[in-house]
Amino acid sequence: MEASSLIGGLSARLHGVSPLVEQDTLGLLQVLAQVPDPRDRRGRIHSLPGLLAVAVAAVASGQSRVVEITEWAADLPDAVWDRLGAARDRFTGARRVPDDSTLGRVLAGIDADALDAAVCRWLIGRAGAGGPGRRVIAVDGKTLRGSGPAGAQVHLLAAVDHRDGIVLAQSDVDGKTNEISRFVPMLDTLDLAGAIITADALHTQREHARWLVQKNAGYVFVVKGNQKRLHRQVKALPWAKIPVLDQIHDRGHGRHDIRRLQTVTCLGPLALDFPHASQALRIRRRRYHPATDRWSAVTVYAITNLTAEQAGPDELADWLRGHWSIEVLHHIRDTTYREDASRLRTGNAPRALVTLRNTAISLLRLAGTTSIAQTLRRNSRNPYRSLQLLGLD
């Protein structure tokens with residue numbers, strides 16, 4: 001089959017034209033071959049797909065630094081080495097293990113946008129149609145604290161699927177722009193028809209709302225003081241007269257949470273000064289802290305363009321809680337992969353390593369993993385498990 005038809009089939013799946021059949025699904029090495037190689041053709045020893053596949057497999061085994069990746073690669077069995085497409089000497093057949101400077105230069109010079117686009121398309125293909133219900137996507141950003149001095153750190157905006165937990169898209173937010181200006185370009189790479197976008201108060205923007213509705217998508221935006229007029233309007237709604245429609249009790253980690261959700265249709269005298277806003281939500285959360293023997297209370301307001309017939313209170317509550325899927329991703333990268341402790345600052349290497357971590361975490365989520373740290377430790381004891389996770393076994 002021609003490469004162009006394979007790529008076209010993958011694009012069709014991404015944009016909801018038709019599902020891919022199994023034989024049309026690109027393998028990881030084929031996907032990585034679509035990423036431009038930043039190196040001069042002369043003197044290349046390691047193929048780019050092989051280098052990147054080794055790096056992804058290493059990260060899926062818990063390695064978090066460039067030097068850790070190359071040390072892990074040096075200990076691979078021959079069968080795993082060859083399945084990853086890693087280099088051998090053309091004359092002697094001996095393994096050519098890259099050193100950390102080689103991998104570091106490749107990651108620093110790589111086209112980070114092309115790498116993210118290729119890997120995210122592949123992950124979407126691996127996820128397939130998913131389960132029943134609408135696709136809900138969380139959007140949020142994160143700064144890589146060790147990637148530079150204050151004001152020059154790498155900041156990335158990402159979109160994560162609530163249900164599957166996979167990263168669907170990622171975009172760099174450089175010092176000349178901000179998350180708001182990158183929201184539309186990043187999401188424009190996805191088929192949003194019928195999808196629901198959840199975002200924090202930073203992205204509660206009129207332009208975002210209008211654009212999403214044009215894309216036949218829904219939104220659930222948190223409302224805070226950055227939209228002062230809207231916040232006052234939502235806060236002034238007659239919440240005392242509105243019944244609690246959804247209540248959730250959570251116990252865990254020594255805490256007891258109670259969440260109560262109210263919704264009101266915003267029409268007529270209750271209409272809000274925000275494009276397409278149909279419902280307003282108030283979530284009141286009370287949390288018991290056993291260490292202090294006290295309760296704390298937090299009130300969160302949100303709006304959506306979906307009517308009460310399109311989204312009930314239980315769905316809205318699930319979507320607002322599900323937005324934490326992207327915070328969980330950031331937490332895993334910070335705690336398990338020690339992302340913020342990294343001091344790698346050369347070129348695109350900090351972002352490329354984030355893409356490798358996103359890929360590993362997404363694959364583990366697709367495999368049904370609930371404890372990422374435990375599974376990474378398990379994978380580190382047997383490289384064949386990472387090979388299986390990447391679909392290269």
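**Helix 6 against helix 13, and two positive phi values**

Helix 6 and helix 13 are roughly perpendicular to each other. This is a predicted model, so keep that in mind throughout. Two packed helices are described by the angle between their axes and the distance between the axes. Here, helix 6 covers residues 100–109 and helix 13 covers residues 349–366. The angle is about 95° and the axes are 7 Å apart. Why call that roughly perpendicular? Because the angle of about 95° falls in the range of 65 to 115 degrees that counts as roughly perpendicular.

Which residues make the contact? From helix 6 there are Gly 104, Leu 107 and Ala 108. Helix 13 contributes Ala 349, Ala 352 and Leu 353. Sorted by class, that gives five nonpolar residues and one polar residue, with no charged ones. The polar one is Gly 104, because Gly is put in the polar class here.

Next, the backbone. Most residues other than glycine have a negative phi. Two residues to look at here are Asn 216 and Arg 338, neither of them glycine, each with a positive phi.

Asn 216 has phi near 60°. Its place is the loop that runs between helix 9, residues 206–214, and strand 5, residues 218–223. Is Asn 216 buried or exposed? Its relative accessible area is 58%, so Asn 216 is exposed, the cut-off being over 50%.

Arg 338 has phi of about 55°. Arg 338 sits in the loop between helix 12, residues 324–335, and helix 13, and helix 13 is the one that packs with helix 6. The relative accessibility of Arg 338 is 35%, so this residue counts as partly exposed.

Conventions: Residues numbered from 1 in each chain as written. Predicted model: local features only at pLDDT ≥ 70, side-chain atom pairs only at ≥ 80, totals over all residues. Heavy atoms only, no water. Axes fitted to C-alpha atoms, helices over the stretch in contact; angles between N-to-C directions. Helix = DSSP H or I, 4+ residues; strand = E, 2+ residues; numbered from the N terminus. Parallel < 35°, antiparallel > 145°, perpendicular 65-115°, else oblique. Contact = heavy atoms within 4.5 Å. Buried < 20%, exposed > 50% of the residue type's maximum accessible area, 1.4 Å probe, protein only.
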